[in-house]
Amino acid sequence: MNQHSPAFCTIVPPHVLERLAESDDPAISEAARRTLLVDATQRTARAQGPAAPADAGPSDRPRRTVHDAGNRTELPGDRVRGEGDAAVRDATVNRAYAGLGATFDLFAKVYGHHSIDGAGMPLLASVHFDEKYDNAFWNGEQMVFGDGDGELFLDFTLPVDVIGHELAHGFTQHTADLAYYGQSGALNESVSDVFGSLVKQYALGQTAAQADWLIGAGLLGPAVDNGVALRSMKEPGTAYDDDVLGKDPQPATMADYVRTSSDNGGVHINSGIPNHAFYLLAVELGGNAWERAGQIWYDVMTGGTLTGEARFSEFARATVAAAKARYGDGEEMQAVLKAWTAVGVPAE
Ligand SMILES: [Zn+2]
């Protein structure tokens, strides 16, 4: 397990923080530099969290624990809410607890996948990590949330899809284990956006037509004049266009594929292409996106045929095969083909 996947993934990609670190506003550049520094440290560190109880087996109930890091960088911090405990006074703690539960519910109730490893793995989260920390991450063992600097980014527990995105990296780590660079890395990022958005849609009971298809809506603070989220699956490249944040660099189709060596070969950039394919499929099929569209993506991730270095076209062909295997060669398979064709990825 876990030969390829990142043991560390942040929701705010490095290309955003690197730009902010160059800001003329010292408050902004300082928060961004500090976040990049802490990210670099955490990337090589390992959580010292409590070891997961062995052989607990799958369960229909999550086993959540939320810790308070107390604005320090030691993990996991003080245990403040365990499974079944009543809500506490700190809304951040309660949001993290609820977000872990919403993610568990999507995977368990819709796909019969118990926790992120499919075997009932306990879900751990630490909130109030560091001071003014502009990120949230999955470190291979647990979720960690910053409070944000309050100007550019708010509390990272606010968008439930951010929690779903990060935990879905754990799901990928335990299933298709897509290598975290180039196209397989962009697929890894995209799968986290897909399931992150599905966590939100399932929690809110929204159909594909009703959903906003944004990642990180509600996260951007008052210093961002023109931005709604970190990414848009509906219209990649339109989530923000702002003096401070810059412009959302995501392409929607292969015609605008970005060749870059930064960000592990643009894993948070070119993920816009498979993201948009999923969006097009979900809207074409209608109804709830987690049902047929989500099931096809889930089947690909857990089917055992995808290689760890899969490129977009291999993934696309796998979704066609998964649609055919589960639903026959009817409207689902045709909709999958149509979606990939629309973003310029060969699927046949
Ligand atoms: Zn990610």
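**Two domains and a buried helix**

Across the interface of domain 1 and domain 2, the rule finds zero salt bridges. Keep in mind that this is a predicted model.

Reader: Where does the domain assignment put domain 1 and domain 2, and what distance separates their centres?
Author: The assignment gives domain 1 as residues 9–173 and domain 2 as 182–342. The contact draws 38 residues from domain 1 and 42 residues from domain 2. Taken over C-alpha atoms, the centres are separated by 21 Å.

Reader: How many residue pairs are in polar contact between domain 1 and domain 2?
Author: Salt bridges don't feature here, since the rule finds zero of them across this interface. Of the buried area, 70% is on carbon and sulfur atoms, out of about 3200 Å². Polar contacts do turn up between domain 1 and domain 2, though, and the count is 14 residue pairs.

Reader: Which element gives the largest share of the side of domain 1 that touches domain 2?
Author: Elements giving two or more residues to that side are β1 (9–10), α1 (14–21), α3 (91–111) and α4. The largest share is nine residues, and it comes from α4.

Reader: What should helix α4 span at 1.5 Å a residue, and how far apart are its end C-alpha atoms?
Author: Helix α4 covers residues 160–174, and 13 of its 15 residues are buried. At 1.5 Å a residue, those 15 residues should span 21 Å. The model agrees with that, because the end C-alpha atoms of α4 are 21 Å apart.

Reader: Is Gln295 buried or exposed?
Author: Gln295 sits in helix α8, residues 292–302. Leaving out residues up to four places away in sequence, Gln295 touches Val110, Tyr111, Trp290, Arg326 and Tyr327. The cut-off for buried is under 20% relative accessible area. Gln295 has 12%, so it counts as buried.

Reader: Why is α8 described as largely enclosed by the rest of the structure?
Author: The buried residues of α8 include Gly294, Ile296, Trp297 and Tyr298. They pack against α3, α4, α5 (182–204), α7 (272–285), α9 (312–327) and α10 (331–342). α8 is largely enclosed because the number of its eleven residues that are buried is nine.

Reader: Which residue just after α8 takes a positive phi?
Author: Helix α8 runs over residues 292–302. Just after α8 there is a residue with a positive phi of about 80°, and that residue is Gly304.

Terms used: Residues are numbered from 1 along each chain as its sequence is written. This is a predicted model: local features need pLDDT of at least 70, side-chain atom pairs count only at pLDDT 80 or more; totals for chains, interfaces and linings use all residues. Side-chain values use heavy atoms; hydrogens and water are left out. Helices (H or I, at least four residues) and strands (E, at least two) are DSSP runs, numbered from the N terminus. Buried means under 20% relative accessible area, exposed over 50%, partly exposed in between (1.4 Å probe, protein chains only). Contact means heavy atoms within 4.5 Å. The expected span of a helix is 1.5 Å times one less than its number of residues. Domain bounds come from an automatic or database domain assignment. Buried area is the accessible area (1.4 Å probe) that two parts lose on being put together, summed over both. A salt bridge is a side-chain nitrogen of Lys or Arg within 4 Å of a carboxyl oxygen of Asp or Glu. A polar contact is a pair of N or O atoms within 3.5 Å; within protein, one must be able to donate a hydrogen and the other to accept it, and residues adjacent in sequence count only if both atoms are side-chain atoms.
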